[in-house]
Structure formats: C-alpha cells, structure tokens
Amino acid sequence: MLKYIFKNSITSFHLLSKYQISIDKIRNFCIIAHIDHGKSTLADRFLEITGTISKGKHEQYLDKLEVEKERGITVKAQSAAMFYTVNGIEYLYNLIDTPGHVDFTYEVSRSMRACEGAILLIDATQGIQAQTLSNYILAKKQNLKIIPVINKIDMTSANTDSVIQQLVEKFDMNPNEIFKVSAKKGTGVTDLLNNIVTLIPPPQDHKELKCFLIDSWYARDKGVVLLILMKGGYLKKGDQILSCAFKKKYDIFEVGIQSPENVPQEKLEPGQVGYVITNMKASNEARIGDTFRHPLSKTLPEAGFEQVKPLVYCGIYPEDPDDYAELNKSIFKLALTDPAVIIQKESSAALGNGYRCGFLGVLHMDVFRERLENEYNLSVLLTSPSVPYKAILRNGKEVMVENAIMAPDAAIIKHYEQPMAIATIMCPEEYSATIFQLCDARNGRLVDQEKYDKQDRFIFKFPLNEIIQDLFDKIKSATKGYGSLEYEFCGFEKANIVKLVIHLMEDPVDALSFMVPEERAHQLGKKICQRLKENIPQHLFVVSIQAKVGGKVIAAEKIGSTGKNVTAKCYGGDYTRKKKLLDRQKEGKKRMREVGRVTVRKDTFISVFKDD
Ligand SMILES: Nc1nc2c(ncn2[C@@H]2O[C@H](COP(=O)(O)OP(=O)(O)OP(=O)(O)O)[C@@H](O)[C@H]2O)c(=O)[nH]1
C-alpha cells in the first residue's frame, strides 16, 4: 500500500506539473491488428520507452483482467496516457490497445471514435489476415490516419518483403511509409514513436464543454467510473455535467488520466482522454456513446454508437439458486464494462431464476462467464448457446425466437428464417482444400475468392449457427494455426428449423429445448440422450430420456434403476454410520438439482454440450 501511495504521488506530481498541454500537442491513436500480431507487446514497449512504466518484467501490461492474463488475449480495449518528447517538445500520447479476436470487434470500433490515427500491425510471419482486413476497413471508414507497421521482424520465419508487397497491392500503401519493428526486442519502436507526432493529426477543439463517453466500469471504492474523450472545454472537480441521453445532472468528484493507472488531475483539457468520477449511482445511466455537456449549454450531442446485435444467446443461472440476488447485482455491473452484452430476466423450471444474455460470439460469452466468476466470485451455469431465429407466422407477423422456450406454437408458424453470416477465411494455399471440405460440411457456400501472394482468401456464406460453435477453432487446427476467420451477420434466410425438446420421465426440460435445422435434429437429439445417460446418476426407478420434435420421439435412452437406497444396509442400530452416509448424501445433494422427478448434477446441462 505504502509503495502504491509513493508511486502514485510521484506520478501525480509529475503529471500535474504538465497538465497544461495544449491540444496541438495531443495525439490519440489505437493499435489494431489480427489476433496475436503483437498489439499488447507493442503497447508495453511504448509504455517503457516513454517512461510510463519501468523497463523489463512487464508483459502485456495493459491486459489487466485476470481472464486476459489467463488466456493471453485482449478482450477489453485499454487506454494509457504517455508523455513523450520529440525534438525538445513534449507531447501527450493517448494510446488504446484493442482486442484482436472477431468477438470483440465492437471494442475496436468503439476505441476508434476516440482517435485520429491507428497503428495497423501485421505479423511478418503471417501477413495480412482476416482481422487485418476488417480492421483496415473499419479504420478507413472512420477516416483515421493509418500507420502500417510490420511486427516480429526478429523471427527467422519473418517474410517482411512479401508482407510489404501484400500491403502495397491490397491496401495501396507506399512501401517507404511502412514501419518494420520487433515489438518484443524493441527494434524500430522508438522511430515509430517519434513519427507519430507528424503522421497523426491532433484532435480538434469543439470549444464548448463536450465529453464523449467511450467506456465505463464499476470500481468498488468509487462507484461508476466514466472514461471520456474531451471533445471541447475543461472539466474539473466541483463542476456539473448533464447527460444528453438521460437529461440528468451529475457533480464531478474527481477527474484524471490513466497513465496507465488512474492519476488524478486538476482538470481535463480539450482533446484528452480521461476518467471522471461523479455522483452517478445507477450503472445503466452510463450509456457508452452518450455526450455530457454543461447543464445550461445547448451544444448538440455526438452521434452515439450503433446498437450491436447479439449473434449468440444463452441462459445464465446461479449454480446455487440462493445466489440469484448476488448475480442480479453483479451481472449489470459487469455489463457496464461490456456494452455489447444484452441482458434480460428469464426463469426456467429446471434452473430457477436467471438471465437470457446475448453476445457477439461464443468466446465473448465464455469470457463474460469467466469474468463473473473471477471478478464477482460467482458460480454460474450457462445453457447451450444458440442463434436467434425468426418465426414468420401465418398471419404475416414476425417473432424473434431467441430462446426455444418462447417459440410460438408450430400450428401458427408459416416458416422459420435463420441468421446468415458472410465469412472471410484466409489461409496458406496448401490448406485450401481442407478449408473447402470443412466449409462444405457446415453448409458454407463459396461467394468469392482471391489470392494474396501465397495465401488464399475465401468469402463463404454460412448459416450463422454453423460458425458460432467452433468454426474458428476448427480452422485453426486444420491449418496448424495459420488460418483465420472473420464474419459478420448478413440477414435472414428461409430454413427448415424445428424445436427439439428433451423429456425426462415424459416431462419436457425447458433448459434442454433447442431450435435446430431439421437435418441436424436427429443427430443432436441422439447425442444429448446419450450424454444424459452418461451423466445422470441411477435412481430407484428407471429413468426415461427422450428427444422429441413436434411431439414425435426421434431418439431415446433409458437408465436402469439402482433398486436400493443409500441407507438400506444400515439397520436401525448403527446411527453413526447411517449419519455419515446421510451427510455424504447431503454434501452430494448440494451439487444436484431436481428436474421434475429426476435428480441431475448441476453441470449436467453443460456437459451434454461439450464437444467430443
Ligand atoms: N518474436 C516476437 N514475438 C512477438 C513480437 N511481438 C509479439 N510477440 C509475441 O506474439 C504473441 C502475441 O503477442 P500479443 O502482444 O499478446 O498479441 P496481441 O495482438 O495483443 O494479441 P490479442 O490481443 O489477443 O489479439 C506473444 O507471445 C508475444 O510475445 C515480436 O516482435 N517478436
């Protein structure tokens, strides 16, 4: 603790003495790239060279979340302010490190709104990949100045010249303007830092107080923290701001910059990215993309962010139903840091009270679960992920079915439509045949293809359902890690979708109801029945498991009875042994859940969906 205060007070002094940095000395930029091309490593070098953190020991410093450290990936954009002197003039660089995985693209486009420039990093051993392409297009759309940087030039397998050629051919870049660095060793990084001043323009000053909300999170000691871009004006402790979205006023308690930890400042100035602590109590009042202004000003709000559409839904339930109140508090606090998650209350006869949540992909969903467990100490249970289907009713109306339980009665449905996605897959040419087989097996239709040096780029149209589960992993393993995938939703198409319901002892299990393509129903029903048979313990009676579509049994299994009860052998007199057995049984019961007349382990619903 002492160490922290000491470090912080020194930093504060250092920064406070420099807060009057004028807007023309500010550069706001992000690092964008395909997954694992070295964004966080480059951010580490920037932080070290500018003296923002001490040299050495730091790896992926801005990946602060436990889940990021554990998985070695960035899932949340993180900003860091750095002071850097070029030709005797001191500049304030505000850097945003962004995630690379397709599920977190929303974080990238959000970050870009706070920047005038982007460093587009390309791995010298891999060249342009699916996310390189999509990030390049995103940055272009936002009119950012793009600085191309080839990374990992220290590696023996680096193919720098070929990557330069790709950038020239595909992005029309000038070869003399492409930087070559090793983020790991630091080679070329100082040169890159020095050039940012001339390559990226400073932000513009909108003169009047205007704060654009780019991120927010919940801190135990401070409450809701807002990360804002100062589009204009000054902000200091004691001021008041008004939210344009909610027309509510807030008192400013503290302002500061992240350098990279929170460092309080006397005031925030035009062009700066900084954090603000107010008396805001409810986390849903911090709407990312909102504009805050002076309460009496008439200044118009900035355009907000497009509402993202979830591509994958699942139910989230507390493992222990008694933890529902705790889950209720935590899930919204966590969602504050992740506006791409959509949350609605739901309840299930099998699982109790919980939430129906929408995510941008299965990794996004899994990371959210892990963060609930790591950061809020909750044990949660997730139902199988599914995509949203559209039911076209006989009366012409349309109903979105995000959960099979909510599907309208089959008698009133004319047909279903399923969500489709356009996927860009890139791989070295020797893996193209394998990729074709893989995509064919998942109902992918080739739309376009192109050569990128020795790489092939394919555009396929898929039912979204075929992509979300594990296509990314399958492409990775089929191409020894060299293949990449990027996809986006592209509308709905008519499809034969049915509702598959699992019954235990003739009772339908709501947590085991699914909307599936008709041709997959039998295979899935059979698999779930088998998995349930392996996972449900024996009972005193025979347990029947059935998969039904439209009331017709399409697969079934039976679990034979034990024919005995746990204390049957403990004749009346042996009290201690009987108690021990009952205690053990009680302990076991904590891990169990009643589903109708059948007792299942809490993780049964998860285990039935695990891949082979
Ligand atoms: N040899 C070498 N390895 C590097 C270099 N830059 C990054 N790496 C390694 O590449 C891997 C990925 O680096 P990260 O910085 O985590 O990549 P990232 O782009 O931030 O990853 P995501 O945020 O998950 O997309 C790590 O093992 C790094 O040590 C480099 O210049 N040379």
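Which residue in β18 is the bridge partner of E346? The partner is G354. I start there because that pair leads into a sheet I want to walk through, and strands of a sheet pair through backbone hydrogen bonds, either parallel or antiparallel. Please keep in mind that what we have on screen is a predicted model.

The E346 and G354 bridge belongs to the pairing of β17 with strand β18, residues 352-359. These two strands run antiparallel and share seven bridges. They sit in an open sheet of four strands, ordered β17-β18-β16-β19, and the pairing is antiparallel. At the edges are β17, residues 342-348, and β19, residues 380-382, each of which pairs on one side only. From one strand to the next, the twist averages 30°.

Two helices go with this sheet. Helix α8, residues 324-336, lies across β16, β17, β18 and β19, and it runs at about 15° to β18. Helix α9, residues 362-376, also packs on the sheet, where it touches β16, β18 and β19. The direction of α9 makes about 165° with that of β19.

Next, strand β22, residues 413-428. With strand β20, residues 389-393, β22 is antiparallel, and four bridges join the two. On that side, A391 stands opposite Y416 of β22. With strand β25, residues 484-495, β22 pairs over ten bridges, again in the antiparallel sense. One position to look at there is I425, which stands opposite L485 in β25. With strand β24, residues 455-463, the pairing of β22 is antiparallel too, and it extends over nine bridges. C427 has D456 of β24 as its bridge partner.

Now the helix pairs. Helix α10, residues 432-441, packs with helix α12, residues 471-478, at an angle of about 155°, and their axes are 10 Å apart. An angle over 145 degrees counts as roughly antiparallel, so α10 and α12 are roughly antiparallel to each other. Their crossing is right-handed. From α10, the contact takes T434, I435 and L438; from α12, it takes K474, I475 and A478. Sorted by class, that contact has four nonpolar residues, one polar and one charged.

The other pair is helix α4, residues 105-112, with helix α5, residues 130-141. Here the packing angle is about 30°, with the axes 10 Å apart. The cut-off for roughly parallel is under 35 degrees, so α4 is roughly parallel to α5. The crossing of α4 and α5 is right-handed. On the α4 side the contact is made by T105, V108, S109 and M112, and on the α5 side by S134, N135, L138 and A139. That contact divides into four nonpolar and four polar residues, with no charged ones.

Last, the ligand. Which residues come nearest to it, of the 20 around it? They are G38, I73, T74, G100 and K184. Which helix gives the most to the shell around the ligand? Helix α2, residues 39-49, does, with three residues. By class, the shell around the ligand has six nonpolar, nine polar and five charged residues.

To go back over the helix pairs: α4 and α5 are roughly parallel, while α10 and α12 are roughly antiparallel. As for β22, its partners include β20, β24 and β25. That is the end of the tour.

Methods
Residues are numbered from 1 along each chain as its sequence is written. This is a predicted model: local features need pLDDT of at least 70, side-chain atom pairs count only at pLDDT 80 or more; totals for chains, interfaces and linings use all residues. A residue is near a molecule or strand if its C-beta atom, placed from the backbone, lies within 6 Å of it. Ala, Val, Leu, Ile, Met, Phe, Trp, Tyr, Cys and Pro count as nonpolar, Asp, Glu, Lys and Arg as charged, and the others, Gly among them, as polar. Axes are lines fitted to C-alpha atoms, for helices over the stretch in contact, and angles run from 0 to 180 degrees between N-to-C directions. Angles under 35 degrees count as roughly parallel, over 145 as roughly antiparallel, 65 to 115 as roughly perpendicular and the rest as oblique. A crossing is left-handed if the near helix is turned anticlockwise from the far one by less than a right angle, and right-handed if clockwise. Two residues are in contact if their C-beta atoms, placed from the backbone, lie within 7 Å. Two strands pair if DSSP finds at least two bridges between them.
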